[in-house]
Amino acid sequence: MSNTTENSSPALSNLLSEARSFPPSEEFAAQANATAALAREADERGEEFWADQARKMLSWHTPFTQTLDWSRAPVARWFADGTLNAAYNALDRHVKAGRGKRVAIHFEGEPGDTRTVTYDDLLTEVSRAANALQALGVQTGDRVIIYLPMLVESVVAMLACARIGAPHSVVFGGFSAEALRSRIEDAGARVIITADGGYRRGAPFALKPAVDEAIATLNPDNHPGISHVLVVQRTGQEVEWHDERDLWWHEAMESADIRHEPTFVEAEHPLFILYTSGTTGRPKGILHTTGGYLTQAAFTHWAVFDLKAETDVYWCTADIGWITGHSYVVYGPLINGATQVIYEGTPDTPHRGRWWEIVQKYKVSILYTAPTAIRTYMKWGEEVPDQFDLTSLRLLGSVGEPINPEAWMWYRRVIGGGSTPVVDTWWQTETGAIMISPLPGVTAAKPGSAQSPLPGIAVDVVDDDANSVPAGGGGYLVVSKPWPAMLRGIWGDLDRFKETYWSRFKNIYFAGDGAKRDDDGDIWLLGRVDDVMNVSGHRLSTTEIESSLVAHDAVAEAAVVGAADETTGQAVVAFVILRGEFAAAAQDDEGAAAIQEQLRTHVARQIGPIAKPRRILIVPELPKTRSGKIMRRLLRDVAENRTVGDATTLADSSVMALIKGKLG
Ligand code: 6R9
């Protein structure tokens, strides 16, 4: 399971000897925020480099005097005696400095409605929302669930929570009622902010029913119940209403005061919890705190995207339900006073050029997106972006999964006009902010490689015994020194935090990714080494989907693998053994198709549409080792239509023949 070579696709391995190199142009280098001197400074200053950035990027209510306290490792404390407020840093600071008239958000709804929101406007809205939350009894330290589409209100809701020191936990709007329920229970949240629905693929979808269902199914032994649900009216669709707990967002906002005193909190006060897939079925509530997280989010946004707040128009296409939306839609850009675009919908609504039309319309200069989107656009053909003026773009970023060199080249040539730097940024929900990336004004970029750790970050590739691998070698990606935005734990489960990240190697952080170092020392990411899949840049747990399948009456056993997919990176493929009567019903094609469809819908309902298996294969047996471990490697061979690899460690070596025979 933890053998990295197993996970590196042959295609990627061949490309590790990439010879193409794209140094920054002289003009770009001359104006770049991050320079070679910055990297040297980080080396010289050590930890104090981050103290410098914390002072430079943020405004502190009480200045800190301590930088890092690692005495309670692996729980770090950064800038612990300082106090600050995240919303104050994102808004008040700019308004006080006379930047209130600057546009913070150009909002573009999928149906074509738009809103322009200045920093003044955003401060007013966040202040109202903070007052409204406090009027509902939300106090510093209380957790609030946010379950919204991509709206201005989503940003307002997050910052309003931050303003009163109430950690938010955003649940992606594409997740099911069941996923929502488990997160409400785990976080112990008593207030939810949601919407009637949103727009996607040209039609309204509903969100409120999932909230109602999640609340109705809360286990009273685990949870005291939801006191209030604030509902943003986005589509105007009918919603079921519970007078005793439901309130319209706009009504609560109307009656709230436009002035609000932020609650200044200690640097280590929890800012948010964000759930992510782990290797077991249960999602992990990744905990981030305030001072260190904001420092690195703001610093990396400034250094990696080369942000010039007065002139750039920045667009990160991530949803706020993911960490990228937290760090690079909400906290990083707003702290840096950026002007940004937020788009509600899908890239092909009402036509396949929608994104490029938005770039043209708002003169977007920095674009940050995921390889899966780039590959989708490649598939649709360059004549789509070619119809739009993309000359405003001056920097492109990629995140979420390895970007294959051809997609990198296409991105730079077709979207970037052959001249923009492309930054491939590696990081995780757990790292909070970017860790590995080229510096756009310094690094000669190499297609497909995230290249080198950022200034102030210590990353290594190690073998099983934690020794650094030499150039040309492969192994596990680790972070060998604490960093400001690192997770402070898994909500309510310190043991799982230690076990997951700190037990594989002593005192160094195990990221769960395989990596190689090429002959120049550049780092190439090779995908997960655990049972986590990456579908369109979203992390999904094989175990979680297997548990969901097995929970269905028809399924006796299930094994899930991520099979290579041209567009989504990986696709979910499930192998299931059916129970007696269902197995009989699945004998003919029609019966099998009906059960396959039922199972796909079942997974979508339990976890969310993104977890829905692309294919479900009904098999008589699963390949297992003598210790009972499913050999997913062999199933991946089947799912990817390859000759099945070495099966000698199987308890029963005839199983693969049986599976292949059954599938024809
Ligand atoms: C930010 C984010 C984290 C996992 C990570 C890795 C993969 C992210 C990548 C990348 C190769 C990159 N990943 N960026 N792999 N190159 N530039 O995506 O967070 O959702 O927690 O996923 O995504 O496998 O471990 P998260």
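How much space lies in the largest cavity? Let's work through that and a few helix pairs in this predicted model.

**Exercise 1. Describe the largest cavity and what lines it.**

Step 1: Start with the count. There are three cavities of 30 Å³ or more in the structure.

Step 2: Get the volume. The largest cavity holds about 50 Å³ of space.

Step 3: List the walls. Its lining is made by N85, A86, C161, A162, G165, A166, P167, V265, H269, P270, L271 and T290. Two elements, α8 (152–163) and β14 (270–276), each give two or more residues to that lining.

Step 4: Sort the lining by class. You should get eight nonpolar residues, four polar ones and no charged ones.

**Exercise 2. Work out how α7 packs on α8.**

Step 1: As a reminder, a helix pair is described by the angle between the two axes and the distance between them. Here the axes of α7 (residues 119–135) and α8 come within 8 Å and cross at roughly 60 degrees.

Step 2: Name the arrangement. With that angle, α7 is oblique to α8, and the crossing is right-handed.

Step 3: Find the touching residues. From α7 come L122, L123, E125, V126, S127, A129, A130 and L133, while α8 brings V152, V156, L159, A160, C161 and R163.

Step 4: Sort them. This contact has eleven nonpolar, one polar and two charged residues. Spot C161 again: this α8 residue is in the contact with α7 and also lines the largest cavity.

**Exercise 3. Do the same for α4 and α5.**

Step 1: The axes of α4 (residues 36–45) and α5 (residues 48–57) come within 7 Å, crossing at roughly 120 degrees.

Step 2: Angles from 65 to 115 degrees would count as roughly perpendicular, so α4 and α5 are oblique to each other.

Step 3: On the α4 side you'll find L38, E41, A42 and R45, which meet E48, F49, D52 and Q53 of α5. By class, that's three nonpolar, one polar and four charged residues.

**Exercise 4. Which residues join α6 to α13, and at what angle do these helices pack?**

Step 1: α6 (residues 86–96) packs on α13 (residues 323–335) at about 45 degrees, with the axes 8 Å apart. That makes the pair oblique, and the crossing is left-handed.

Step 2: In α6, look for A86, N89, A90, R93 and H94; they meet Y331, L334 and I335 in α13. The tally is five nonpolar, two polar and one charged.

Step 3: Link back to the start. A86 touches α13 and is also one of the residues lining the largest cavity.

Note on methods: Residues numbered from 1 in each chain as written. Predicted model: local features only at pLDDT ≥ 70, side-chain atom pairs only at ≥ 80, totals over all residues. Heavy atoms only, no water. 1 Å grid on protein atoms, 1.4 Å probe; cavity = no way out; pocket = protein on both sides within 12 Å on 5 of 7 lines; lining within 4 Å. Points joined across faces, edges and corners; volume = space filled by probe spheres on them. Helix = DSSP H or I, 4+ residues; strand = E, 2+ residues; numbered from the N terminus. Nonpolar A, V, L, I, M, F, W, Y, C, P; charged D, E, K, R; others polar. Axes fitted to C-alpha atoms, helices over the stretch in contact; angles between N-to-C directions. Parallel < 35°, antiparallel > 145°, perpendicular 65-115°, else oblique. Left-handed = near helix turned anticlockwise from the far one by under 90°. Contact = heavy atoms within 4.5 Å.
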